[in-house]
Amino acid sequence: MPKRVDHEERRRAIAEALWRIACARGLDGASLRDVAAEAGISLGQLQHYFSSKDEMLVFALKYLGGLAEQRIRTRLLGLAGPPSPRDVLRETVMEMLPLDDASRTGNLVQIAYFVRALHDERLRGHAKEGVPALRAFFADRVREGIARGEVSADRSPDAEAMLLIALTDGLTTHVLLEACGPEEAVSLLDGHLDRLFTA
């Protein structure tokens with residue numbers, strides 16, 4: 001009797017192979033054949049699941065995003081009591097920083113995707129999709145902070161959200177380049193949140 005294949009599990013295994021290649025050497029020179037070899041399957045098997053590297057990369061990013069959301073939920077559930085708006089922002093940005101192997105891998109894959117998206121209009125559209133949602137999520141937490149009297153009412157939630165995204169992205173780059181250590185990045189983000197939540 002032929003072995004049953006869990007198609008979603010196979011897609012995830014291929015995505016993980018792509019992540020390993022992205023972390024080791026980037027994606028520019030990586031072919032579908034390279035990813036198939038890394039996943040331990042034939043090129044034909046890989047093409048059964050993904051017809052192009054871009055399709056595979058989009059899936060890998062969505063899968064990474066889902067794993068990051070799970071880790072953020074786990075962080076928030078580990079807090080004593082219901083999380084405050086500051087707690088939610090902090091745990092989210094801590095997951096966005098490359099502080100461990102999982103988040104480092106996620107960031108390296110996102111950077112590889114970003115580089116491809118700069119020169120490909122189709123990919124650029126997908127790359128930009130997540131920013132408005134993240135900005136709105138952060139802005140809503142700032143609004144909650146204002147409503148709770150934890151953030152000064154004169155702060156613009158949308159501007160503060162974009163500043164937090166930009167700070168996190170900038171620190172991510174410097175941690176990956178080892179121009180800034182993880183502890184310093186965490187300290188800088190904590191300081192920023194402390195200044196925001198001071199009302």
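Is Glu 178 buried or exposed? In this predicted model, Glu 178 has a relative accessibility of 69% and therefore counts as exposed, the cut-off for that class being over 50%. The residue is placed in the loop that joins helix H8, residues 157–176, to helix H9, residues 182–196. The backbone at this position also deserves mention, since the phi angle of Glu 178 is near 60 degrees, a positive value in a residue that is not glycine.

The protein chain as a whole contains nine helices and zero strands, so that, read from the N terminus, the order of elements is α-α-α-α-α-α-α-α-α. Taken along the principal axes, the box filled by the C-alpha atoms of the chain is roughly 65 × 40 × 30 Å. Of the 199 residues in the protein chain, 40% are buried, and the chain exposes about 11,100 Å², of which carbon and sulfur atoms supply 54%. Among contacts with a separation of 6 or more, 63% are made by residues 24 or more positions apart. The chain carries 26 positive and 30 negative charges, and the mean positions of these two sets are 5 Å apart.

Helix H2, which spans residues 32–39, contributes Leu 32, Val 35 and Ala 36 as buried residues. Viewed down the axis of H2, these buried residues fall within an arc of 100 degrees, and they therefore line one face of the helix. The other side of H2 has Arg 33 and Ala 37, which are exposed. The cover over the buried residues of H2 includes helix H1 (7–25), helix H3 (43–49) and helix H4 (53–77). Just after H2, Gly 40 adopts a positive phi of about 75 degrees.

The UniProt record, an unreviewed entry, places the feature "DNA-binding region" at residues 31–50, an annotation that may be inferred rather than shown by experiment. In the predicted model, the span of residues 31–50 is 75% helix and 0% strand, and its end C-alpha atoms lie 12 Å apart. Helix H2, at residues 32–39, and helix H3, at residues 43–49, both have residue numbers that fall inside the annotated range of 31–50.

Attention was next given to Arg 25, a residue of helix H1. With a relative accessibility of 54%, Arg 25 counts as exposed, because the cut-off for this class is over 50%. When neighbours within four places in sequence are left aside, Arg 25 is in contact with Ala 30 and Asp 34; Asp 34 has a number that falls within the range of helix H2, residues 32–39. The C-alpha atom of Arg 25 is also separated by 9.9 Å from that of Ala 112, although the two residues are 87 residues apart along the chain.

Towards the C-terminal end of the sequence, Glu 184 lies in helix H9, the helix that follows the loop holding Glu 178. The relative accessible area of Glu 184 is 44%, and the residue is therefore classed as partly exposed, whereas Glu 178 counts as exposed at 69%. Glu 184 and Leu 171 are 13 residues apart in sequence, and their C-alpha atoms are 9.2 Å apart in space. The number of Leu 171 falls within helix H8, residues 157–176.

Terms used
Residues are numbered from 1 along each chain as its sequence is written. This is a predicted model: local features need pLDDT of at least 70, side-chain atom pairs count only at pLDDT 80 or more; totals for chains, interfaces and linings use all residues. Side-chain values use heavy atoms; hydrogens and water are left out. Helices (H or I, at least four residues) and strands (E, at least two) are DSSP runs, numbered from the N terminus. Buried means under 20% relative accessible area, exposed over 50%, partly exposed in between (1.4 Å probe, protein chains only). Contact means heavy atoms within 4.5 Å. Accessible areas come from the Shrake-Rupley method with a 1.4 Å probe; for residues, only the protein chains shown count as cover. Lys and Arg count as positive and Asp and Glu as negative; His and the chain ends are not counted. The place of a charge is taken as NZ of Lys, CZ of Arg, CG of Asp or CD of Glu. The arc is that of the directions from the helix axis to the C-beta atoms.
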